[in-house]
Amino acid sequence: MTTDTDTVAARRATEAVWRLESARIIAGLAGLVRDVGLAEELAQDALVAALEQWPADGIPANPGAWLMLTAKHRAIDQIRRNERLGGKLKLLGRELETAQQAAPAEFEAVLDNEKIDDDLLRLMFIACHPVLSTEARIALTLRLLGGLTTEEIARGFLAAEPTIAKRIVRAKRTLASKQVPFEDPPPAERSARVASVLEVIYLVFNEGYAAMAGDDWMRPALCAEALRLGRVLAELMPAEPEVHGLVALMEIQASRIPARLSPAGVPVPLPDQNRGRWDQLLIRRGFTALLRAKQLGGPPGPHVLQAAIAACHAQAQTAADTNWEQIAMLYQALAALAPSPVVELNRAVAVAMADSPERGLEITDSLTAEPALSGYHHLPSVRADLLTRLGRYDEAAGEFRRAASLTRNIPERTVLLQRAAECDARA
Amino acid sequence: MRFLMTVNGGGSPPDEQLYAEMGRFVEELTRAGVLLATGGLDRGTHVVASGGNITLTDGPFTESKEVIVSFALIEVRTKDEALELARRFWKMVGEGEGDIRQVSGPEG
């Protein structure tokens, strides 16, 4: 006889299995039915069945295989109802028969790992497909690959749940109506498609990284999820240096999470962070990933360059040990490869440290008219720092105030206004 | 969130089949982006600090069942995921003892 506590425990265990297995199950099903939306529905049906049966019967020896088999049953029911897809019935039926005849120990074969790896990679590519908007790619990736619920995605992105739900439904509909095939991208498109996957993962990471003290815990959890997706991707595409570059970048950035906010919740600039709080395990993992990228050879891509910059910071025992010349050079290479005003602003900081505040300030002068940075509080705050170092307190005070008016972090605003007042006093 | 899964001594050493299964398990966890670090531990040196004196005692210790012989540091999204992975591990091992503890930290 089962008690209520048993039921709750079984339910929680079932949900944990789902979290661990859902991406592979959806991927394997999508490989069979060639429709991501349908694959997800079938997988969800299997989860519902598990939630009904497992608390009573106990969790099966291989829960992943159980879910997959159950979902395959449902796929066949579905296909029987749908004459149009009749051709696939034979293929599915044969696989299922084999699986049913197999001894439980051989259920492993149902989840042919290598084949599912291929399908998992295809699932990543299709979730990040260019026919979808960036927002839709993010939501679909977290849903299909991360196994996150609509509610969790909404909380992570400070959005309303119905908005995210609609976005996911629409994304699946777009993939179906545009008849986007569930397959490896054609060779000519491959590098752009890889870049799209990397972009989505890094956007998720940055969304989590931007979380502030007091935010819903789901926001920082996005960092961990992006990191996990990156690590999975690195195993699926071991020959892509940029994938390892992104993993290295995220590992090293994540290593600073324990040090990046002051106890009051103010973001602490990198040079002022307590390096003793940096997570050495993640730094080492980041270096390993960067090394893998470099060993693959070829000219470094944008993620490898950004990871190399992060590695420069991680290598410095103290802020004063930072090799700013090297960082300025890497930013220059990055600006040549992937020019952007934010990269240019970071280069300005590095040049100011390596060379002189004047040279850094010159670079920022060319950015003040940049529309992309008009609401970006880092631009005036960098300029304010450089002006302070040059003793131009009057101008610095103005820039600190501008930065204060642009940040949405209240404790940071207070600090920026304090610094403005200090400049006023010295002007 | 991170969890440290530890295995205590006293069990029989893994046979070839278990050894291969464990290798697959470790690979699977790595591929899933879950495993951060893993390792075996020697019998160690016991440290007692008391009244300003530090006493070091080399192992082996009699109660090997109370001594950790290997560990895996994993990163998962919920405690239930850690428990599920522990279940899979111990199902494979069969007999033995160990612990699963959350590693506290700012991300915890």
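The exercises below concern one helix of chain A, one residue of chain A and the interface of chain A with chain B.

This is a predicted model, in which local features need pLDDT of at least 70 and side-chain atom pairs count only at pLDDT 80 or more, while totals for chains, interfaces and linings use all residues. Residues are numbered from 1 along each chain as its sequence is written, chains are lettered from A and ligands numbered from 1 in the order in which they are written, and side-chain values use heavy atoms, with hydrogens and water left out.

**Exercise 1.** Compare the span of helix H19 (residues 410-426) of chain A with the expected one, and state which residues of H19(A) are buried.

Solution. Helices are DSSP runs of H or I with at least four residues, numbered from the N terminus. The expected span is 1.5 Å times one less than the number of residues. For the 17 residues of H19(A) this gives 24 Å, and the end C-alpha atoms are 25 Å apart, which agrees.

Next, take buried as under 20% relative accessible area and exposed as over 50%, with partly exposed in between (1.4 Å probe, protein chains only). The buried residues of H19(A) are A:Glu412, A:Leu416, A:Ala420 and A:Cys423. They lie on the same side of H19(A), because they cover an arc of only 80° around the axis, taken from the directions from the helix axis to the C-beta atoms. An α-helix has 3.6 residues a turn, so residues three or four places apart point the same way.

The buried residues pack against helix H17 (378-389) and helix H18 (393-406) of chain A, with contact meaning heavy atoms within 4.5 Å. Exposed A:Ile410 and A:Ala425 are on the face turned away from the buried side.

**Exercise 2.** Is A:Thr141 buried or exposed?

Solution. A:Thr141 is found in helix H6 (residues 134-144) of chain A. Its relative accessible area is 3%, so A:Thr141 is buried. Leaving aside residues up to four places away in sequence, A:Thr141 touches A:Ala127, A:Cys128, A:Gly146, A:Val200 and A:Leu229.

**Exercise 3.** Describe the interface of chain B and chain A.

Solution. Start with contacts: 20 residues of chain B meet 26 residues of chain A. The buried area (accessible area, 1.4 Å probe, that two parts lose on being put together, summed over both) is about 2,100 Å², and carbon and sulfur atoms give 49% of it. In chain B, B:Arg31, B:Arg77 and B:Asp80 lose the most area to chain A, together 32% of what that side buries.

Then count salt bridges (a side-chain nitrogen of Lys or Arg within 4 Å of a carboxyl oxygen of Asp or Glu): the rule finds 6 across the interface. One salt bridge joins the side chains of A:Asp117 and B:Arg31 (2.6 Å, N to O).

Key: Helices (H or I, at least four residues) and strands (E, at least two) are DSSP runs, numbered from the N terminus.
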